[in-house]
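Thank you for asking me to look over this structure with you. I have set my remarks out as numbered points, so that each can be checked against the model in turn.

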Amino acid sequence: MTVLHPTLARTLVPSRSLARDIALVLGGAAFVAVLAQAEIPLKPVPLTLQTLGVLLVGAALGWKRAFAALAVYVAAGAAGLPILSGGSAGLYSPTTGGLRASLGYLVSYPLAAALVGFLVERFALDRKFLGTCLAMLAGSAVIYAFGLPVLAALTGLKGGALLTAGLTPFLLGDTLKLVLAALLLPGVWALIRK
């Protein structure tokens, strides 16, 4: 894919090197890990700022580095580093003894970040409020497209109960995160242009 529009990372750090790419990938993973610690412990899936980090990393790094950053984040959390929501680690839930209910959401993160990164690199959607909203909405849709079916498979929830557990508690927070990103990203681009 031809990159038509540079990302924030490419604009702020234009020199290309493997060391720069590794630093950006690890920095993106660390950024999401920090935001994951801001948690409201809902059951079965907690409310965190994690998804805001996923979408911002996608926009800032572009699709390849964003995918890599979130793959590193998920792999590190799965391997036992306490960087998932609320300082948790691993793919298993100690309370249920089975796979964690948020597994589908976690698996979606590299894909959601990559989609946002693709939209930014291809259409410069992060330069304007509405464009950023559309990119973040698309990334959020990917997260729910993976998260809800896996939540249903792991918990047996269906229909309204599934939506009550895995969607509706997050809609207000996701809307606020979307608006925050839609204010933040175009604002950073405006500062860069000055």
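The points below take up the empty spaces, then two helices, and then some single residues.

1. Please keep in mind throughout that this is a predicted model. Every value in this note is therefore computed from predicted atoms, with local features taken up where pLDDT is at least 70.

2. I begin with the enclosed spaces, and a general remark may help here. Rolling a probe the size of a water molecule over the atoms shows where empty space is left. When the whole structure is searched in this way, how many cavities of 30 Å³ or more are found? There are two, and the largest cavity has a volume of about 210 Å³.

3. The lining of the largest cavity is made up of 19 residues, and those closest to its centre are Val45, Pro46, Thr48, Thr51 and Tyr109. Several elements take part, since β2 (47-48), α3 (50-61), α5 (103-123), α6 (129-155) and α8 (168-193) each supply at least two residues of this lining. Sorted by class, the lining of the largest cavity holds 10 nonpolar, six polar and three charged residues.

4. The second largest cavity has a volume of about 40 Å³, and the residues that line this cavity are Thr51, Leu52, Leu55, Ser140, Asp174, Lys177 and Leu178. Which elements give two or more residues to this lining? They are α3 and α8. By class, the lining of the second largest cavity divides into three nonpolar, two polar and two charged residues.

5. A pocket should be considered separately from the cavities, and the largest pocket has a volume of about 410 Å³. Of the 20 residues that line the largest pocket, Lys43, Pro44, Ser93, Thr95 and Arg100 are the closest to its centre. The classes in this lining are 10 nonpolar, seven polar and three charged residues.

6. Helix α3 deserves a careful look, and its length can be checked by simple reasoning. At 1.5 Å a residue, the 12 residues of α3 should span 16 Å, and the C-alpha atoms at its ends are indeed 16 Å apart, so the two values agree. The helix is mostly covered, with 11 of its 12 residues buried, and among the buried ones are Thr51, Leu52 and Leu55, which also appear in the lining of the second largest cavity. After α3 comes Gly62, which has a positive phi, near 85°.

7. Helix α5 can be checked in the same manner. Its 21 residues should span 30 Å at 1.5 Å a residue, and its end C-alpha atoms are 31 Å apart, so the expected span and the computed distance agree. There is nevertheless a kink of about 40° at Tyr109, shortly before the proline Pro110, and Tyr109 is also among the residues closest to the centre of the largest cavity. Helix α5 is mostly covered, as 15 of its 21 residues are buried, and it is followed by Ala124, whose phi is positive, near 55°.

8. Is Ser108, in helix α5, buried or exposed? Its relative accessibility is 0%, so Ser108 counts as buried. Apart from residues up to four places away in sequence, Ser108 touches Val142, Ile143 and Phe146.

9. Lys177 lies in helix α8, and because its relative accessible area is 10%, under the 20% cut-off, Lys177 is buried. Leaving aside neighbours within four places in sequence, Lys177 is in contact with Leu47, Thr48, Leu49, Thr51 and Leu52.

10. Two loop residues make a useful pair for practice with the accessibility cut-offs. Ile83, in the loop between α4 (63-78) and α5, has a relative accessible area of 19% and is therefore buried, since buried means under 20%. Its contacts, not counting neighbours within four places in sequence, are Ala33, Ala36, Gln37, Tyr73, Ala76, Gly77 and Ser88. The C-alpha atoms of Ile83 and Ala30 are separated by 8.5 Å, although these residues are 53 residues apart along the chain.

11. Pro44 is placed in the loop between β1 (39-40) and β2, and at 32% relative accessibility Pro44 counts as partly exposed. Beyond residues up to four places away in sequence, Pro44 touches Ala101, Leu151 and Ala165. The C-alpha atoms of Pro44 and Ala78, which are 34 residues apart along the chain, are separated by 18 Å.

Technical notes:
Residues are numbered from 1 along each chain as its sequence is written. This is a predicted model: local features need pLDDT of at least 70, side-chain atom pairs count only at pLDDT 80 or more; totals for chains, interfaces and linings use all residues. Side-chain values use heavy atoms; hydrogens and water are left out. On a 1 Å grid over the protein atoms alone, a cavity is a set of points where a 1.4 Å probe fits but cannot get out, and a pocket is an open set with protein on both sides within 12 Å along at least five of seven lines; lining residues have an atom within 4 Å of a point. Grid points are joined across faces, edges and corners, and a volume is the space filled by probe spheres set on the points. Helices (H or I, at least four residues) and strands (E, at least two) are DSSP runs, numbered from the N terminus. Ala, Val, Leu, Ile, Met, Phe, Trp, Tyr, Cys and Pro count as nonpolar, Asp, Glu, Lys and Arg as charged, and the others, Gly among them, as polar. Buried means under 20% relative accessible area, exposed over 50%, partly exposed in between (1.4 Å probe, protein chains only). Contact means heavy atoms within 4.5 Å. The expected span of a helix is 1.5 Å times one less than its number of residues. The bend at a residue is the angle between axes fitted to the seven residues ending there and the seven starting there.
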